[in-house]
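Q: Please take a close look at one residue in the segment that begins this chain. Then set that residue against the rest of the fold, part by part.

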Amino acid sequence: IVPPGSPVPRYYSVASASSDGVLEICVRKQAGGLCSEFLHGLQAGDHIDGFIRGNPGFRPYRGKTPVVMIGAGTGIAPLAGFVRRNNRHQPMHLYFGGRDPASDFLYQPLFGEALEDGRLTRLVTAFSRLVGGGYVQDRVRDDGGSIRDLVSKGAQIMVCGGRQMAAGVAENLDLALAPIGETV
């Protein structure tokens, strides 16, 4: 999205497929954020300037290969799109992190439906602002054995979110995968 008054585009992950007929992105409003405040202030009928930059390598493999998806905050957008379109019931295991489930459990209804109908195999959450909560990288560490078993079966791992979260996830994945001689 190119916000008014700036030549610099802001990049957001797309949560929809071209066949959906809409373009869906997930945007957290940042105080003083030129683009996020602009987007949150849009009214029906308003127009924006934007473009699509493809990322053809970031998608689940076809077939029945298990997929481990790890996302936090608005980084959940493309992963939610993959779950939404998983009509072939490819095994998908989702690790999602946010601050508080009351305000940040993005796509909760979709994930509940997908667990019921088989588009999502497993959902593991972490909410940092809850007593005893934590971060998504903590859940990856805690669930290292399950992730290791999935990778042993050829699972693909997909991570989407902030750099700090991704670094923590990579560190904990390396710990989980070390016993089978794998690394990120």
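A: S16 sits in the segment before α1. Helices here are DSSP runs of H or I with at least four residues, strands are runs of E with at least two, and both are numbered from the N terminus. The model is a predicted one, in which local features need pLDDT of at least 70 and side-chain atom pairs count only at pLDDT 80 or more, while totals for chains, interfaces and linings use all residues. Residues are numbered from 1 along each chain as its sequence is written, and side-chain values use heavy atoms, with hydrogens and water left out.

With a relative accessible area of 16%, S16 is buried. The classes are buried under 20% relative accessible area, exposed over 50% and partly exposed in between, with a 1.4 Å probe and protein chains only. Two polar contacts involve the side chain of S16: a polar atom of the side chain lies 3.1 Å from the backbone oxygen of V22, and the side chain reaches the backbone nitrogen of E24 at 2.9 Å. A polar contact is a pair of N or O atoms within 3.5 Å; within protein, one must be able to donate a hydrogen and the other to accept it, and residues adjacent in sequence count only if both atoms are side-chain atoms. Setting aside neighbours within four places in sequence, S16 is in contact with V22, L23, E24 and R84, where contact means heavy atoms within 4.5 Å. R84 belongs to helix α2, which covers residues 77-84.

Helix α2 deserves a look of its own. Of its 8 residues, 7 are buried, so the helix is largely enclosed by the rest of the structure. The buried ones are A77, P78, L79, A80, G81, F82 and V83. Cover for these residues includes β1, β2, α4 (108-117) and β4 (156-160).

Strand β2 (residues 92-98), named in that cover, holds H93. H93 counts as buried at 11% relative accessibility. Apart from neighbours within four places in sequence, H93 touches V67, V68, M69, T121, R122 and L150. In the loop between α2 and β2 is H89, which has a positive phi near 60 degrees although the residue is not glycine. H89 is partly exposed, at 37% relative accessible area.

A second positive phi in a residue other than glycine is that of Y107, near 65 degrees. Y107 lies in the loop between α3 (101-104) and α4, and with 16% relative accessible area Y107 is buried.

Back in the segment that holds S16, V2 also lies before α1 (34-40). V2 is partly exposed, with a relative accessible area of 23%. Residues up to four places away in sequence not counted, V2 touches P9, D49, G50 and F51. The C-alpha atoms of V2 and G50 are 5.5 Å apart in space, although the two residues are 48 apart in sequence. R62 is in the loop between α1 and β1 (67-72) and is exposed, at 71% relative accessible area. From R62 to Q90 the C-alpha separation is 8.3 Å, across 28 residues along the chain.

As for the whole chain, 7 helices and 4 strands are present. Their order from the N terminus is α-β-α-β-α-α-β-α-α-β-α. The C-alpha atoms fill a box of roughly 50 × 35 × 30 Å along the principal axes. The radius of gyration is 17 Å, which agrees with the value near 16 Å for a compact globule of 184 residues; it is taken over C-alpha atoms, and the globule rule is 2.2 Å times the number of residues to the power 0.38. Of the 184 residues, 39% count as buried. Among contacts with a separation of 6 or more, 67% join residues 24 or more positions apart.

The chain exposes about 10400 Å², of which carbon and sulfur atoms supply 50%. Accessible areas come from the Shrake-Rupley method with a 1.4 Å probe, and for residues only the protein chains shown count as cover. The mean positions of the 19 positive and 17 negative charges are 4 Å apart. Lys and Arg count as positive and Asp and Glu as negative, with His and the chain ends not counted; each charge is placed at NZ of Lys, CZ of Arg, CG of Asp or CD of Glu.
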